[in-house]
Amino acid sequence: MYNLTNNQYLESVLPILPEYLDIDRFFEKIPKSLRSTIYKYYSNFKNNLMNVVLSNMLASSAIKSTPQELINVNNQLFHYASTIRCSERSLKTKLIKSLESLLKIHFNKFDLQPYGSYLSELDVQGSDVDLCLLNKLPNTQVYKSHYYRLSAILEKNGFKVTHTIVHARVPIIKFNKENINFDIGFHNDIGIKNSLLIKAYSLLDPRSFALLTLVKKWAMSKHLVDAAGGYLSSYSYYNLVIFYCQTLVPSVLPALHNNPNLIDLVLKDQAHKLVYKSKNTMGLVSLFHGFFRFYSSFDFDQKLVSIRKGVISSKSTANLTLLENNTNASMFIEDPFDTTFNPAKTIKEENMDIFKMNLYSFEYFLRTQLQGPKVDEYFIPYFVCEDCFLDIPFPPLKDSKVEANNIISNKNDNTKSNNTTTSTTTAINSNKNNDNNNNNNNNNNNNNNNNNNNNNNNNNNNNNNNNNNNNNNNNNSKKIKQNKIKKRKSINKNKNGKPKQQQQK
């Protein structure tokens, strides 16, 4: 069994913690009759390891770099944040104007308005464009037929519609043109308000803009931005970044909702008129590392993320409707304009663990290897050779004469003996050292039950020969089975190239 407090072991698994604990890596290779037991053991092992990692992080020192090295990385991060901004804004603006002209003809009771990263100007390479049709007249009803009609109009005018989702909280149509992806819906004025607020916060401090961009890029590189797929949306990550900056002492960002006059300027898209000077002097690299450290130890079960309040508070202080509608939520973020809504309700419980693993792993990376790779390599998805993984130590369980450790292990028999428990080794040796009579009976039963009594009447030489032959055949079959087991499959991918979601069996 591994000593989870051993620094050498922790240093070997921390850089690849999400991949190391990916249950899809081995679960399908376990016999069905063992899966329930193995999953319980795995869950306990995972929780213990993550607790040790967290304790190790909290006991660690700051980033291991000299002041000059921090300055150099700080400058590189600012530069990188500026280079990953979307270079196709002019094309996006052109397509939005053409859509506006088209929809004025067919939906003259509505105004086309952008929101999301395009409006907040935080769009990075690959970001889509969010649009909504706002009604000019009060009490204008929107029906499902509006969406189907809009979808047909877009198709007829050169836009490729990929999805028409009418049963969501905010129904949308997904389409694209000239490699630009769009989402469009009706009546999402709250999305416009939120986008203008995020934009305002990004303009108050240059570190804020860079940090919002870098965290979003990091989450995208780890495939953690996918609200429809059970993760968080970009908007949720923006809330996490702003809230972190508000809670620092001294704070990097204020809580604008504390001053209604400031909110009025924000909603008029006049945030450039806001004047704010933070007393916090932390560099961007320290803030970036601090984000992962802050949320690695954040109590998501009990605490509320609220940029409206700007201070850490219990989730019990949230709007009662928000709590009633999110009894099974893994994270609580209070929307600043609709306090009954939790943008983070999309993240599933199993994906919350993946989110935390990535926080722990990247915090360790920034703390210990900041000077290693170039800054742009922080955000490049990497593939880890599965044969390089240490084995997860499983108990010596047996079913159908197949051992759980043999199924999961990547190593040869000599290496395996170092990574499995003593009881497992004893069980294996015990099977190999059975007396001749037991081997005789087992082998004869496997090959031909009717020969069992006949073999007992044969002379000792015949018994020994049969026993040797059967043992040789049995050993050969075991070698073939072990060779098959040792062939590792690459991590399963879905159509988007993302790792499969973890599933409890």
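This note sets out points on the sheet, the helices lying across it, two helix pairs and one loop residue in a predicted model.

1. The sheet as a whole. Five strands make up an open sheet, in which they follow the order S1-S2-S5-S4-S3 and the pairing is mixed. S1 and strand S3 (160-165) stand at the edges with a single partner strand each, so that one side of each is left without a neighbour in the sheet. On average, and with direction ignored, neighbouring strands of this sheet are turned by 25° against each other.

2. Strand S2 and its surroundings. In strand S2 (residues 129-135), six of the seven residues are buried, and the strand is therefore largely enclosed by the rest of the structure. With strand S1 (residues 110-115), S2 pairs in the antiparallel sense over six bridges, whereas the pairing of S2 with strand S5 (residues 180-186) is parallel and consists of five bridges. Leu131 of S2 can be followed in both directions, since this residue is the bridge partner of Pro114 and also stands opposite Ile184 in S5.

3. The S3 edge. Strand S3 runs antiparallel to strand S4 (residues 172-177), to which five bridges join it. As one position to inspect in this pairing, Thr164 has Ile173 in S4 as its bridge partner.

4. Helices across the sheet. Helix H5 (residues 89-106) lies across S1, S2, S4 and S5, and its direction is at about 40° to S5. Helix H7 (residues 144-156), for its part, lies across S2, S3, S4 and S5, and runs at about 170° to S3. Strand S2 is thus named among the strands crossed by H5 and among those crossed by H7.

5. The pair H9 and H10. Helix H9 (residues 206-221) packs with helix H10 (residues 234-247) at an angle of about 135°, the axes being 10 Å apart; the two helices are therefore oblique to each other. Their crossing is right-handed. On the H9 side the contact is made by Leu211, Leu212, Val215, Lys216, Trp218 and Ala219, which meet Ser234, Tyr237, Tyr238, Val241, Ile242, Tyr244 and Cys245 of H10. Sorted by class, this contact of H9 with H10 comprises 11 nonpolar residues, one polar and one charged.

6. The pair H3 and H14. Helix H3 (residues 32-58) and helix H14 (residues 349-368) pack with their axes 11 Å apart and at an angle of about 35°, and the crossing of these two helices is left-handed. From H3, the residues Lys46, Met50, Val53, Leu54 and Met57 meet Asp353, Lys356, Met357, Tyr360, Glu363 and Arg367 of H14. The contact of H3 with H14 divides into six nonpolar and five charged residues, with no polar ones.

7. Glu121. This residue is placed in the loop between helix H6 (117-120) and S2, and it counts as partly exposed because its relative accessibility is 32%, a value between the limits of 20% for buried and 50% for exposed. Once the neighbours within four places in sequence are left aside, Glu121 is in contact with Arg85, Arg89, Lys199 and Phe209. A further relation can be checked on the backbone, where Glu121 and Cys86 are 35 residues apart in sequence and 8.9 Å apart in space, C-alpha to C-alpha.

Conventions: Residues numbered from 1 in each chain as written. Predicted model: local features only at pLDDT ≥ 70, side-chain atom pairs only at ≥ 80, totals over all residues. Heavy atoms only, no water. Buried < 20%, exposed > 50% of the residue type's maximum accessible area, 1.4 Å probe, protein only. Helix = DSSP H or I, 4+ residues; strand = E, 2+ residues; numbered from the N terminus. Pairing = 2+ DSSP bridges. Axes fitted to C-alpha atoms, helices over the stretch in contact; angles between N-to-C directions. Parallel < 35°, antiparallel > 145°, perpendicular 65-115°, else oblique. Left-handed = near helix turned anticlockwise from the far one by under 90°. Contact = heavy atoms within 4.5 Å. Nonpolar A, V, L, I, M, F, W, Y, C, P; charged D, E, K, R; others polar.
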